[in-house]
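Student: I have the sequence and the coordinates open, and I would like to ask how the labels on them are justified. Could we go through them together?

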Amino acid sequence: MDIFLKAISEAIKHTAEIDIIIIGQGNMSHELKLLAKELKINFCTKFYSKLKHEEVLGILSESDLFVLPSTEFDPFGIVIIEAMQLKVPTIITNQCGAHSYFTNKETQIVKSGDIKDLQSKIINL
């Protein structure tokens, strides 16, 4: 997720307005909040640790973009299918086990850890 925050901190310079929503519990949440502050994007970044599934879908349905920046192998994230079902453009990394199944233009695949590629895809979607 730190890769995502670094990429978005640069991409934000190319867009008028952006809201960043990070959902999930993780052992790095404190560090990510500090990084958002260090990158000066904390003003537009919200962190949610526990949400009901319906709440997650509500946020996702109103999103302009969904990013799953996996840096370690992730066999399959059901949230990718949910984003696609809601017609939300999606960016995943090649660490997502199912990345080879996604060939549509609404789902972009980036090399895990490639900040510049992720930044470019965020700007272009």
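Student: How do you know that β3, β4 and β5 form a sheet?

Tutor: This is a predicted model, and in it the three strands lie in the order β3-β4-β5, with parallel pairing, as an open sheet. Two strands count as paired if there are at least two bridges between them. Three bridges join β3 to β4 (residues 90-93), and four join β4 to β5. Both pairs therefore meet the criterion of at least two bridges.

Student: What makes β3 and β5 edge strands?

Tutor: Each of them, β3 (66-68) and β5 (107-110), pairs on one side only. From one strand to the next, the twist averages 15°.

Student: Which residues stand opposite each other in β3 and β4?

Tutor: Valine 67 is opposite isoleucine 91, and leucine 68 is opposite isoleucine 92. On the β5 side, isoleucine 91 stands opposite glutamine 108.

Student: Why do we speak of two faces of a strand?

Tutor: Because side chains in a regular strand alternate between the two faces of the sheet. For β4, Thr90 and Ile92 are on one side, with Ile91 and Thr93 on the other. All four are buried, so both faces of β4 count as covered.

Student: What lies across the strands?

Tutor: Helix α5 (residues 115-124) lies across β3, β4 and β5, and runs at about 165° to β5.

Student: Why is the contact between lysine 121 and aspartate 117 called a salt bridge?

Tutor: A lysine nitrogen has to be within 4 Å of a carboxyl oxygen of Asp or Glu. Here the N to O distance is 2.8 Å, so the pair qualifies. Both residues lie in helix α5, four residues apart, which is about one turn of the helix.

Student: Is lysine 121 buried or exposed?

Tutor: Buried: its relative accessibility is 17%, and the label applies under 20%. Aspartate 117 has 22%, so it counts as partly exposed.

Student: How many salt bridges are there in the whole structure?

Tutor: A search finds two. Besides the pair in α5, glutamate 10 forms one with lysine 13, where the closest N and O atoms are 3.2 Å apart. That value is also within 4 Å, so the name holds.

Student: What labels do glutamate 10 and lysine 13 get for accessibility?

Tutor: Glutamate 10 has 32%, between the cut-offs of 20% and 50%, so it is partly exposed. Lysine 13 has 59%, which is over 50%, so it is exposed.

Student: Why is lysine 6 called partly exposed?

Tutor: Because its relative accessible area is 33%, which falls between 20% and 50%. Lysine 6 is found in helix α1 (residues 2-11), and it touches Leu35, Leu39 and Ile115, leaving aside residues up to four places away in sequence. Lysine 6 and leucine 35 are 29 residues apart in sequence, with their C-alpha atoms 8.5 Å apart in space.

Student: Which residues form the nonpolar patch on the surface?

Tutor: Ile21, Ile23 and Tyr48, with about 230 Å² of accessible area together.

Student: What makes isoleucine 21 accessible enough to join a patch?

Tutor: A patch residue needs over 30% relative accessible area. Isoleucine 21, in strand β1 (residues 20-23), has 38%, so it passes that cut-off and is labelled partly exposed.

Note on methods
Residues are numbered from 1 along each chain as its sequence is written. This is a predicted model: local features need pLDDT of at least 70, side-chain atom pairs count only at pLDDT 80 or more; totals for chains, interfaces and linings use all residues. Side-chain values use heavy atoms; hydrogens and water are left out. Axes are lines fitted to C-alpha atoms, for helices over the stretch in contact, and angles run from 0 to 180 degrees between N-to-C directions. Contact means heavy atoms within 4.5 Å. Patches are made of residues with over 30% relative accessible area and no salt bridge: like charges are joined within 9 Å, nonpolar side chains (Val, Leu, Ile, Met, Phe, Trp, Tyr) within 5 Å. Accessible areas come from the Shrake-Rupley method with a 1.4 Å probe; for residues, only the protein chains shown count as cover. A salt bridge is a side-chain nitrogen of Lys or Arg within 4 Å of a carboxyl oxygen of Asp or Glu. Buried means under 20% relative accessible area, exposed over 50%, partly exposed in between (1.4 Å probe, protein chains only).
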